[in-house]
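New to this one? Have a look at the sequence and the model first, then use the notes underneath to find your way around.

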Amino acid sequence: MKIYGLEKNKIIEVFKAGEITVSVYGLGKMGLPLAAVFADKGAKVIGVDIDKKVVDGVNKGTNHIPEEPELTKIVEKNVSNGRLCATTDLVYGAKNSEVMIIIVPTFLDTNNNPDLSIVTSVCKSISKGLEVGDFVSLESTVPPRTTHDIILPILEASGLKKGEFGVAHCPERTMSGTVLRDITRAYPKVVGGIDAESTETAEALYSVINEKGVIPVKDATTAEAVKVVEGVYRDVNIALANQLALVCEEIGINAMEVFKVANTQPYSQLHTPSCGVGGHCIPVYPYFLIKTVNRDTSLLELARKINDGMARYTLEKIKSLLNGGLFEKNILVLGLTYRGGVKETRKSPGVSLVKLLKESGARVFAYDPLLSLEEVEEFGAKYVQIEKAEDLDAVIIASDHKEFKSIDWFEIGKRMRNKVLIDGTQLVDPEQIKLNGFWFYGIGR
Ligand SMILES: NC(=O)c1ccc[n+]([C@@H]2O[C@H](COP(=O)([O-])OP(=O)(O)OC[C@H]3O[C@@H](n4cnc5c(N)ncnc54)[C@H](O)[C@@H]3O)[C@@H](O)[C@H]2O)c1
């Protein structure tokens, strides 16, 4: 049933009665949970993805997102009751639904300009199936003005005009690993439409899935800015924490103690210093402003530079702990994903460290509990499990996987040539490590 422009209560009623079909474009870490939740709340859902393996898996009721264990049951249940299915046919999705949600990746090109090519190609397919009364929700993070200036004209190429169909930006504000919790019960959804009817349609739809409610904002551009600004805030805050951590090092105090106590004052919310910022969100979104506005964004640019520089700073620390050169030193990097528990290696500090170490002539080994031997060796490091490693000169913890918390450093140290441990993630207790006879360095400690 077409819902654009209907009363909010009517939309909620028909959604719960199973009279709406929703297509979700992109069945990745964000899209599959979203599709499953819409189905679970009563909609008929068509998941649309270009990856046949993903589509075939979903049609068998399989959850391919290991970070979201709760998702397995919801996918299985809604595929078996017929409310969730998937297809690789992008136009079919649009022709057979009244609501189209876009949650595909947005990237940067080699000059750090926003690359929205996947979003625009999906929109072109949707416009081929667009009908009067349809509603399109863009959830992918985009530079402010994208929905109005880029998405709307592509959809209007269908021959329909603004007012005959609805469009809103409804940013995905969650993080990999906690998506189900975040989109259903952690904090409100933000929605902003290209017109008042679009905003109201989005408000009604998302109020059914999110028990924390929906915050409608003035327009799609405001909603886009909310999401980008959240990411920029975190990047700049982490850069501040990183710079202050290095200042604390020079003064000879523990930055983690300073930050912890400073943060007991309600206006101080310093983040955690680390060997870098990775993933396809935080290091990307500052460029959605830096590259698209004329005003001064030097603070954002500096934050990027500081955070990107942390991997090299960590490398210099390893060199000084090993008294200079890294040539033919055996170095193990623990963790190639950008964050513990999340299988995502884009812009990961661990991957940057492997590259820098190799350039310095070290023999580089790596291990990550979420990556196979082949996946690790793709980055140019030799796969080794820490319990089996021999003659290491240094170990670097580059992502905070919970598995690394239970490493028996006493045992590992017995088989190391040089007992050097670098913690780039604030994961281990320095005092314990030093008691085991290690030379230890942790960012800011
Ligand atoms: N991952 C996060 O933590 C996060 C958080 C908030 C917002 N987001 C936003 O969500 C977007 C998607 O993130 P994700 O983590 O789900 O990405 P992902 O890489 O896990 O999944 C993307 C999916 O889109 C599919 N896809 C690619 N091109 C397609 C096309 N042309 N048509 C249909 N499907 C296509 C891929 O096959 C893949 O299954 C991000 O780019 C960002 O804008 C992500």
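**Two domains and a ligand**

Put domain 1 and domain 2 together and they bury about 2200 Å² between them, with 62% of that on carbon and sulfur atoms. On the domain 1 side, L108, T141 and P144 give up the most area to domain 2, together 22% of what that side buries. Keep in mind that this is a predicted model.

**How the chain is divided**
- The domain assignment splits the protein chain into domain 1 (8-218) and domain 2 (222-445).
- Taken over C-alpha atoms, the centres of domain 1 and domain 2 are 34 Å apart.
- Across the boundary, 28 residues of domain 1 are in contact with 25 residues of domain 2.

**Where the ligand sits**
- Both domain 1 and domain 2 give residues to the shell around the ligand, so the ligand lies between them.
- There are 28 residues surrounding the ligand, and the closest are K29, M30, D49, P105 and T141.
- Helix α6 (residues 117-127) supplies the largest share of that shell, three residues.
- Sorted by class, the shell has 13 nonpolar, nine polar and six charged residues.

**Polar contacts with the ligand**
- In the side chain of D49, an N or O atom is 2.6 Å from an oxygen atom of the ligand.
- K29 uses its backbone: one of its N or O atoms there lies 3.0 Å from a ligand oxygen atom.
- For T106, a polar backbone atom is 3.1 Å from an oxygen atom of the ligand.
- How much of the ligand does the protein cover? On its own the ligand has 830 Å² of accessible area, and the protein covers 90% of that.

Definitions and conventions: Residues are numbered from 1 along each chain as its sequence is written. This is a predicted model: local features need pLDDT of at least 70, side-chain atom pairs count only at pLDDT 80 or more; totals for chains, interfaces and linings use all residues. Side-chain values use heavy atoms; hydrogens and water are left out. A residue is near a molecule or strand if one of its heavy atoms lies within 4 Å of it. A polar contact is a pair of N or O atoms within 3.5 Å; within protein, one must be able to donate a hydrogen and the other to accept it, and residues adjacent in sequence count only if both atoms are side-chain atoms. Accessible areas come from the Shrake-Rupley method with a 1.4 Å probe; for residues, only the protein chains shown count as cover. Helices (H or I, at least four residues) and strands (E, at least two) are DSSP runs, numbered from the N terminus. Ala, Val, Leu, Ile, Met, Phe, Trp, Tyr, Cys and Pro count as nonpolar, Asp, Glu, Lys and Arg as charged, and the others, Gly among them, as polar. Domain bounds come from an automatic or database domain assignment. Contact means heavy atoms within 4.5 Å. Buried area is the accessible area (1.4 Å probe) that two parts lose on being put together, summed over both.
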